[in-house]
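Reader: I am new to protein structures and would like to work through one with you. Could we take it step by step?

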Amino acid sequence: QVQLVESGGGLVQAGGSLRLSCAASGSIFGLVAMGWYRQTPGKQRELVAAITSRGSTNYVDSVKGRFTISRVNAKNTVYLQMNSLKPEDTAVYYCHAHGVRDYWGQGTQVTVSS
């Protein structure tokens with residue numbers, strides 16, 4: 001079993017920055033990738049960014065050049081640095097880990113005001 005604990009959400013003005021953190025604990029060996037998804041009411045959860053155990057990254061087109069995903073293996077933590085935030089980035093952001101199964105964090109609200 002893997003537990004994911006997110007932090008770092010909040011309210012920010014357009015153009016501002018936030019950094020999300022996701023700390024993993026439990027049976028973390030064997031996790032092949034971690035990432036961030038986001039969801040707004042009435043819409044499907046979408047992948048924002050992901051990073052593999054080897055450090056390869058992937059981003060949804062709408063955040064490329066603005067968001068950066070990184071991980072510190074010694075801390076079992078994944079970060080999402082979000083710059084130049086836009087109102088359309090407003091969502092609940094979920095940390096995700098993929099191993100023998102998928103694991104999800106509880107979600108953290110990000111609100112970007114115009």
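Author: Happily! Let us begin with a word we will need: a residue is called buried when its relative accessible area is under 20%, and exposed when that area is over 50%. Please keep in mind that this is a predicted model.

Reader: Thanks! Is Asp 89 buried or exposed, and what about Arg 38?

Author: Buried means under 20% relative accessible area. Arg 38 has a relative accessible area of 6%, and Asp 89 falls in that class too. For Asp 89 and Arg 38 alike, the word is buried.

Reader: Which kind of link do Asp 89 and Arg 38 form?

Author: Side chains of opposite charge can pair when their charged atoms come close. In the pair of Asp 89 and Arg 38, the closest N and O atoms are 3.0 Å apart. Asp 89 sits in the loop between strands S8 and S9 while Arg 38 is in strand S4, so the pair ties together parts that are 51 residues apart in sequence. The link between Asp 89 and Arg 38 is a salt bridge.

Reader: Which residues are linked with Arg 38 in a network of salt bridges?

Author: One partner we have just met, since Asp 89 forms a salt bridge with Arg 38. Another is Glu 46, whose side chain meets that of Arg 38 at 2.7 Å, N to O. Glu 46 is partly exposed, at 30% relative accessible area. The network links Arg 38 with Glu 46, Arg 66 and Asp 89.

Reader: How many salt bridges does a search of the whole structure find?

Author: We can add another example, the pair of Asp 61 and Lys 64, with the closest N and O atoms 2.9 Å apart. Here Asp 61 counts as exposed at 60% relative accessibility, and Lys 64 as partly exposed at 48%. Searching the whole structure gives a count of salt bridges equal to 4.

Reader: Now for the cysteines: which residue does a disulfide join to Cys 22?

Author: A disulfide is a covalent bond between the sulfur atoms of two cysteines. The whole structure holds 1 disulfide, with an S to S distance of 2.0 Å. Its angle about the S-S bond is -80 degrees, and the link is left-handed. The partner of Cys 22 is Cys 95.

Reader: How many residues apart in sequence are the parts that Cys 22 and Cys 95 tie together?

Author: Cys 22 is buried, with a relative accessible area of 0%, and Cys 95 is buried as well. Around Cys 22 are several contacts, including Leu 4, Met 34 and Trp 36. Because Cys 22 lies in strand S3 and Cys 95 in strand S9, the distance in sequence between the parts they tie together is 73 residues.

Reader: Which residue takes a positive phi in the hairpin of S4 and S5?

Author: Strands S4 and S5 run antiparallel, joined by 6 bridges. Within this pairing, Ala 33 stands opposite Thr 52. The hairpin has 6 residues between its strands, and the one with a phi near 80 degrees is Gly 42.

Reader: What about the hairpin of S5 and S6: which residue takes a positive phi there?

Author: S5 and S6 also pair in the antiparallel sense, over 3 bridges. Ala 49 has Tyr 59 in S6 as its bridge partner. Between the strands of this hairpin are 4 residues, and the one with a phi near 95 degrees is Gly 55.

Conventions:
Residues numbered from 1 in each chain as written. Predicted model: local features only at pLDDT ≥ 70, side-chain atom pairs only at ≥ 80, totals over all residues. Heavy atoms only, no water. Disulfide = S-S within 2.5 Å. Helix = DSSP H or I, 4+ residues; strand = E, 2+ residues; numbered from the N terminus. Buried < 20%, exposed > 50% of the residue type's maximum accessible area, 1.4 Å probe, protein only. Contact = heavy atoms within 4.5 Å. Pairing = 2+ DSSP bridges. Lists of a residue's contacts leave out its neighbours within four places in sequence.
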